[in-house]
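Here is a walk through one protein model, written for someone new to reading structures. Keep the 3D view open and look up each residue as it comes along.

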Amino acid sequence: MTHRTLSFLKGHGTENDFVIVPDPDNAIHLPVTAVAALCDRRAGIGADGVLHVVRSAAHPDTAHLADEAEWFMDYRNSDGSIAEMCGNGVRVFARYLLHAGHVEPGDLAVATRGGVKRVHLDKSGDVTVSMGRAELPVGDVTVSVGERSWPARNVNMGNPHAVAFVDSLDDAGTLYTAPPFSPASAYPTGVNVEFVVDRGPRHVAMRVHERGSGETRSCGTGACAVAVAAIRRDGVDPAVTGEPVTYTVDLPGGRLVITEHPDGQIDMTGPAVIVAEGELDPTWLTETAFA
């Protein structure tokens, strides 16, 4: 690995940005140090995470899904930790597959550690991802910033979220560090924390601290969790009304449209862009990323 260059691409979905590492045969070992080095915004390429592109059949975590989804999104947070899912990442992952000629516009399936996700690639640039159903664990949760605390809705989108409705997005503070939450037993492996304000009817805005990454410009699973929490708060649960409900979610990096259907399935639609591709210097790989 360290005796040759490593090809990469850079992409983003509503400014949630990723280093894309194509590796169909799962031949590249990406240790925590390599992922963190790639994502370093001063000494590396810079990103919120890494999309390791692998054929499902070639990876032990998803070989059993190969008949359902040819491609596996082996996603890593910017600190090198493994995450179950990343909604913006799935959109960028699908856009890369189209860019590389692996798929055509239309429908495809992508394997993730949070299950198989159904994706629709629009020629216009938007990508719709079927994010599955939300789970709503029972029990009270609170999140805190400084001396202030808020009740939060516990929502699981294949990864954990705590959604707090606040008066101002400034209430979230700097989000340099993970906001404390309680009880600790609610999120034994940490949590993504969303702070949310209303912008209008079925229209909200949010900021998010992503577990393992810090504040990011956007979070797809977080936007879905926010929409689910807002739908319950507003009393328009599609399972009760029998009608799909769509919320617009504004994030620092752009806008996502979230629809929850009566059967609980959640669709997320938004842009995905490939902005660059190239090769990493082998000396840097040896001395820094794979040191």
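At roughly what angle do the axes of helix 1 and helix 5 cross? This is a predicted model, and in it the axes of helix 1 (residues 32–39) and helix 5 (residues 282–289) cross at roughly 120 degrees and come within 10 Å. That makes helix 1 oblique to helix 5, because the oblique class takes whatever is left after roughly parallel (under 35 degrees), roughly antiparallel (over 145) and roughly perpendicular (65 to 115). The crossing of helix 1 past helix 5 is right-handed. You may wonder about using two numbers here: packed helices are described by the angle between their axes and the distance between those axes.

Which residues do the meeting, then? On the helix 1 side they are Thr33, Ala34, Ala37 and Leu38, and on the helix 5 side they are Trp284, Thr288 and Ala289.

**Strands that pair up**

Now turn to the strands. Strand 15 (residues 245–251) and strand 16 (residues 254–260) run antiparallel and are joined by 7 bridges. Follow Val245 across and you land on its bridge partner in strand 16, Glu260. These two strands form a hairpin, with 2 residues between them.

Strand 16 also has a partnership with strand 17 (residues 265–271): these two run antiparallel as well, joined by 4 bridges. Here Ile258 has Met268 in strand 17 as its bridge partner. Strand 16 and strand 17 form a hairpin too, with 4 residues between them, and Gly264 in that turn has a positive phi of about 95 degrees.

Elsewhere along the chain, strand 8 (residues 141–145) pairs with strand 9 (residues 148–156) in the antiparallel sense, over 5 bridges. Val141 stands opposite Ala152 in strand 9. This pair is another hairpin, with 2 residues between the strands, and Gly146 in the turn has a positive phi of about 60 degrees. Strand 8 pairs with strand 11 (residues 181–182) as well, again in the antiparallel sense, over 2 bridges. In that pairing, Val143 has Phe181 as its bridge partner. As you trace these strands, keep one general idea in mind: in a regular strand the side chains alternate between the two faces of the sheet.

Here are the pairings side by side:

| Strand pair | Bridges joining them |
|---|---|
| Strand 15 and strand 16 | 7 bridges, antiparallel |
| Strand 16 and strand 17 | 4 bridges, antiparallel |
| Strand 8 and strand 9 | 5 bridges, antiparallel |
| Strand 8 and strand 11 | 2 bridges, antiparallel |

**Backbone oddities**

Stay with strand 11 for a moment. What kind of peptide bond joins Ser182 and Pro183? The bond is cis, with omega at about -5 degrees. Pro183 sits in the loop between strand 11 and strand 12 (192–200).

Two more loop residues deserve a look. Glu15 is not a glycine, yet has a positive phi of about 70 degrees. You'll find Glu15 in the loop between strand 1 (6–13) and strand 2 (16–22). Glu15 counts as partly exposed because its relative accessible area is 36%, and that class lies between 20% and 50%. Asn26 also has a positive phi without being a glycine, with a value near 55 degrees. Asn26 belongs to the loop between strand 2 and helix 1, and is partly exposed at a relative accessible area of 24%.

**Cysteines without partners**

How many disulfides does the model have? The count comes to 0. As a reminder, a disulfide is a covalent bond between the sulfur atoms of two cysteines. Take Cys39: the closest cysteine sulfur belongs to Cys86 and is 11 Å away, so that gap is too far for a bond. Cys224 is in no disulfide either, and the nearest cysteine sulfur, in Cys219, is 8.7 Å away. Are Cys39 and Cys224 buried or exposed? Cys39 is buried, with a relative accessible area of 6%, and Cys224 is buried too, at 0%.

**One last loop**

Finish at His102, in the loop between helix 2 (87–99) and strand 5 (106–112). His102 is partly exposed, with a relative accessible area of 31%. Leaving aside residues up to four places away in sequence, His102 touches Trp71, Tyr96 and Leu97. Trp71 is 31 residues away from His102 along the chain, and their C-alpha atoms are separated by 9.5 Å.

How values were computed: Residues are numbered from 1 along each chain as its sequence is written. This is a predicted model: local features need pLDDT of at least 70, side-chain atom pairs count only at pLDDT 80 or more; totals for chains, interfaces and linings use all residues. Side-chain values use heavy atoms; hydrogens and water are left out. Buried means under 20% relative accessible area, exposed over 50%, partly exposed in between (1.4 Å probe, protein chains only). Contact means heavy atoms within 4.5 Å. Two strands pair if DSSP finds at least two bridges between them. A disulfide is a pair of cysteine sulfur atoms within 2.5 Å. Axes are lines fitted to C-alpha atoms, for helices over the stretch in contact, and angles run from 0 to 180 degrees between N-to-C directions. A crossing is left-handed if the near helix is turned anticlockwise from the far one by less than a right angle, and right-handed if clockwise.
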